[in-house]
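User: I'd like a close look at one part of this model: the domain layout. Take it slowly and link it to whatever else helps.

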Amino acid sequence: MPSQKDFWNSTSTVSSYRRSAQLYPPEIRLLGLLRDRWPSLEMLDIGVGAGRTTAYFAELAKRYVANDFAANMVAQASQRFAGRWPHASFQQGDATRLDGIAGASFDLVLFSYNGIDCVDFDARRLALSEMKRVCRPGGWVVFSSHNFYTIPRHLRFQFHPHPRRLLEEASRHRTMRGANPPSEQLLKQDQALFVDGTAADLRYAYVKPDLQEQTLKQMGFNEVRLYSCLNGDEITGTRAYENEDMSWVYYFCAV
Ligand SMILES: C[S@@+](CC[C@H](N)C(=O)[O-])C[C@H]1O[C@@H](n2cnc3c(N)ncnc32)[C@H](O)[C@@H]1O
């Protein structure tokens with residue numbers, strides 16, 4: 001069975017990310033939040049993949065360093081933007097061991113598009129504390145993560161009127177049910193390593209946003225804000241993230 005790293009390193013995965021270029025609504029919000037700081041801002045873009053976020057953030061930042069644990073992703077991103085900005089660099093690196101990076105050396109540390117969910121819960125904790133370590137006081141650690149409350153939707157059969165789509169859905173549903181415990185059992189937990197069908201039978205870390213927020217506060221972040229992937233709005237209402245359509249949540253954590 002391939003590991004997460006094998007999956008992200010494969011030619012087909014790299015190729016499917018090759019042209020991705022749009023920012024998601026919470027990332028547009030991030031551009032605005034830091035609007036006065038970009039000219040002096042130093043940014044670490046972890047799990048950059050093929051460079052979806054690079055064109056925006058490297059253009060604005062004073063220094064931009066991107067990493068990814070998949071060597072082929074790093075090669076793709078670096079080739080895509082070769083020579084474009086002298087202050088941008090790409091390197092292979094693992095979020096859970098940022099050993100080569102001195103403490104407090106970046107103003108913004110980003111791990112976008114649920115990359116942090118590729119690792120298990122012990123590694124997630126390590127990654128978050130490493131991200132906090134390399135971020136300066138006054139800076140931001142920002143990442144997105146799958147919303148645990150969407151699990152019932154993934155495990156539910158979704159009827160489709162088109163016969164071919166219906167057959168595909170039956171196959172998807174059978175695979176999901178075979179790979180995961182039932183919804184009722186999962187929903188008694190606060191977090192789970194869940195096969196969501198994104199990549200064969202690879203498991204992703206799904207966490208209840210309330211638990212994630214609490215953990216981040218316990219880690220000593222000064223402020224934690226949650227933003228919806230649906231529209232980039234800050235999630236403020238009680239239990240507003242218990243929305244099956246809110247596939248993932250962005251966490252903005254002030255250091
Ligand atoms: C869903 S992709 C997102 C890629 C890119 N950020 C984007 O938004 O298009 C997740 C990325 O995180 C990387 N990744 C996963 N775990 C990692 C880790 N522990 N350290 C560094 N990168 C990691 C994967 O190789 C992959 O490129």
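Analyst: Quick bit of bookkeeping to start: domain bounds here come from an automatic or database domain assignment. That assignment gives domain 1 as 4-148 + 204-254, and domain 2 as 150-195. Numbering starts from 1 along each chain, as its sequence is written. The model is predicted, so local features need pLDDT of at least 70 and side-chain atom pairs count only at pLDDT 80 or more, while totals for chains, interfaces and linings use all residues.

The C-alpha centres of the two domains, 1 and 2, lie 27 Å apart. Where they touch, 13 residues come from domain 1 and nine residues from domain 2; contact is called when two C-beta atoms, placed from the backbone, lie within 7 Å. On the domain 1 side, β7 gives the most, with four residues. Strands are DSSP runs of E, at least two residues, and helices are runs of H or I, at least four, numbered from the N terminus. By class, that side of domain 1 has eight nonpolar, two polar and three charged residues. Nonpolar covers Ala, Val, Leu, Ile, Met, Phe, Trp, Tyr, Cys and Pro, charged is Asp, Glu, Lys and Arg, and the others, Gly among them, are polar.

Now for β7 (residues 203-207) itself: it runs antiparallel to β6 (residues 191-195), joined by five bridges. Pairing takes at least two DSSP bridges between two strands. One of the bridge partners is alanine 205 in β7, matched to leucine 193. β6 has a covered face, Ala192 and Phe194, and an uncovered one, Gln191, Leu193 and Val195.

Then there's the open sheet: seven strands in the order β3-β2-β1-β4-β5-β9-β8, with mixed pairing. Its edges are β3 (88-92) and β8 (223-228), each pairing on one side only. Inside the sheet, β4 (residues 106-111) and β5 (residues 135-146) pair in the parallel sense over five bridges, and phenylalanine 111 has phenylalanine 143 in β5 as its bridge partner.

Leucine 108 is a handy probe in β4. Leucine 108 counts as buried because 24 C-beta neighbours fall inside 10 Å; the cut-off for buried is 20 or more other C-beta atoms within 10 Å, exposed means 12 or fewer, and partly exposed lies in between, with C-beta atoms placed from the backbone. Beyond four places in sequence, the contacts of leucine 108 are Leu34, Leu41, Met43, Gly139, Trp140 and Val142. From leucine 108 to arginine 165 it's 57 residues in sequence and 43 Å in space, C-alpha to C-alpha.
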